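Please open the structure in the viewer and display it as a cartoon. The tour below proceeds by selections, each followed by a description of what is there.

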Amino acid sequence: MKVGTRHYRTIWLNEDGWSVDLIDQRWLPHEFRIENVRTVEGIATAIRDMWVRGAPLIGVTAAYGVAIRMREDPSDAALDDVWERLHATRPTAINLRWALDEMRNRLRPLPEKERAAAAYRLAAEIADEDVELNRAIGRHGLEIIRQIAARKKPGEPVNILTHCNAGWLATVDYGTATAPIYLAMEENIPVHVYVDETRPRNQGAHLTSWEMAGHGVPHTLIVDNAGGHLMQHGMVDMVIVGTDRTTATGDVCNKIGTYLKALAARDNGVPFYVALPSPTIDWTVRDGVKEIPIEERSADEVSYVWGRTADGKVTQVRILPDATPAANPAFDVTPARLVTGLITERGIAEASEDGLLKLFPERAKA
Ligand code: MRU
């Protein structure tokens, strides 16, 4: 997407042809920084410390990490080792394992001398595929926005609430939850987005707001607990969020707080949609609450808040007593029964095993 006058993806191959450039998201919205990453350790740090984040982007970054390793050492042992090292960086988003499996399964049969070139080709393919999947999600999601817009008075915006950042910064380009919103803007359908701030790391305040502002999308930042109140007052027409892992039965794991939005949406008759590319479906898991590993991140993310001071310095401040401990589960699971529909690249599925298998029949067990 555009930043100023230039089009950027979130990650790309450096002009040297082997290292990787990426947007370091830790500094947004205050500074737009690009980092050059040249080692597997650097890739692992970028994922673990959230220079890049968002399920699809984590997967693509890991794929480039495999390519960097294959350039140094294309052996089977190195392939297994890089799989393990990168898989250990973040536990919840399934796209990480999906991308690492794709890379290993497709590189393993090749002679060692062909692996490095093939790995770079494959990583680029996974990145390009992500962009295509998001465009398709956008087209299907746009249909829902069109239908809601058709019931509104002329000029009245469709009010959409979103949580965390499932925008272009969370993917290679376009985003999942945001792709339909950008397409609606292109069609001149009036939209307005309520952006949950998304404590503790504030991906909504820092990243989604930056995206919305940068692309001229009317939006309002709200605190995480405001959504239920807005829904009770008829101020939200639909919710769209992304997901880090969706089960074969349609349970949706996403950023902590998503579940509470789904409960409020159900209580108020507001449709609750989840946008996801198929690599985010974990076909091996049936019960999201019991089986999906929830990342527990550092208590510092809860205890300190990042921001920019009046004199322009980006810094962090502690917001609780030194003696108070904090817990930081980073994701939660919304049961399928609370989800109105799953917006995939193949269309909108009912959030159930049957619904998903109708769109992905090749996944049915014989
Ligand atoms: O911890 P993060 O910032 O990686 O969490 C991101 C989210 O929860 C997104 O909603 C999810 O990855 C979907 S991104 C298209």
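The stops are a group of helices, a sheet and the surroundings of the ligand.

Please keep in mind throughout that this is a predicted model.

**First stop: helices H1 and H3**

Select residues 40–48, which form helix H1, and residues 76–87, which form helix H3. How far apart are the axes of H1 and H3? The distance between them is 9 Å, and the two helices pack at an angle of about 25 degrees. Angles under 35 degrees count as roughly parallel, and H1 and H3 are therefore described as roughly parallel to each other. Their crossing is right-handed. To see the contact itself, show the side chains of Val40, Ile43 and Ala44 on H1, together with Val82, Arg85 and Leu86 on H3. By class, five of these contact residues are nonpolar and one is charged, while none is polar.

**Second stop: helices H3 and H4**

Keep H3 selected and add residues 94–107, which are helix H4. Here the axes lie 10 Å apart and the angle is about 175 degrees. Angles over 145 degrees count as roughly antiparallel, so H3 and H4 are roughly antiparallel to each other. On the H3 side, the contact is made by Leu79, Trp83, Leu86 and His87. On the H4 side, select Leu96, Arg97, Leu100, Arg104 and Leu107. The residues of this contact comprise six nonpolar, one polar and two charged.

**Third stop: a sheet of four strands**

Turn next to an open sheet whose strands follow the order S13-S10-S11-S16, with mixed pairing. Which strands stand at the edges? They are S13 (281–282) and S16 (331–334); each has a single partner strand, so one side of each is left without a neighbour in the sheet. Now select S10, residues 245–247, which pairs with S11 in the antiparallel sense over two bridges. Within this pair, threonine 246 stands opposite valine 252 of S11. Add helix H9, residues 258–267, which packs on the sheet and touches S11 and S16. The direction of H9 makes about 30 degrees with that of S16.

**Last stop: the ligand**

Finally, select the ligand and the 17 residues around it. Which of these residues come nearest? They are Arg53, Ala55, Ala170, Gly242 and Lys255. Helix H2 (55–72) and strand S11 (252–255) each supply at least two residues of this shell. Colour the shell by class to find seven nonpolar, seven polar and three charged residues.

Key:
Residues are numbered from 1 along each chain as its sequence is written. This is a predicted model: local features need pLDDT of at least 70, side-chain atom pairs count only at pLDDT 80 or more; totals for chains, interfaces and linings use all residues. Axes are lines fitted to C-alpha atoms, for helices over the stretch in contact, and angles run from 0 to 180 degrees between N-to-C directions. Angles under 35 degrees count as roughly parallel, over 145 as roughly antiparallel, 65 to 115 as roughly perpendicular and the rest as oblique. A crossing is left-handed if the near helix is turned anticlockwise from the far one by less than a right angle, and right-handed if clockwise. Two residues are in contact if their C-beta atoms, placed from the backbone, lie within 7 Å. Ala, Val, Leu, Ile, Met, Phe, Trp, Tyr, Cys and Pro count as nonpolar, Asp, Glu, Lys and Arg as charged, and the others, Gly among them, as polar. A residue is near a molecule or strand if its C-beta atom, placed from the backbone, lies within 6 Å of it. Two strands pair if DSSP finds at least two bridges between them.
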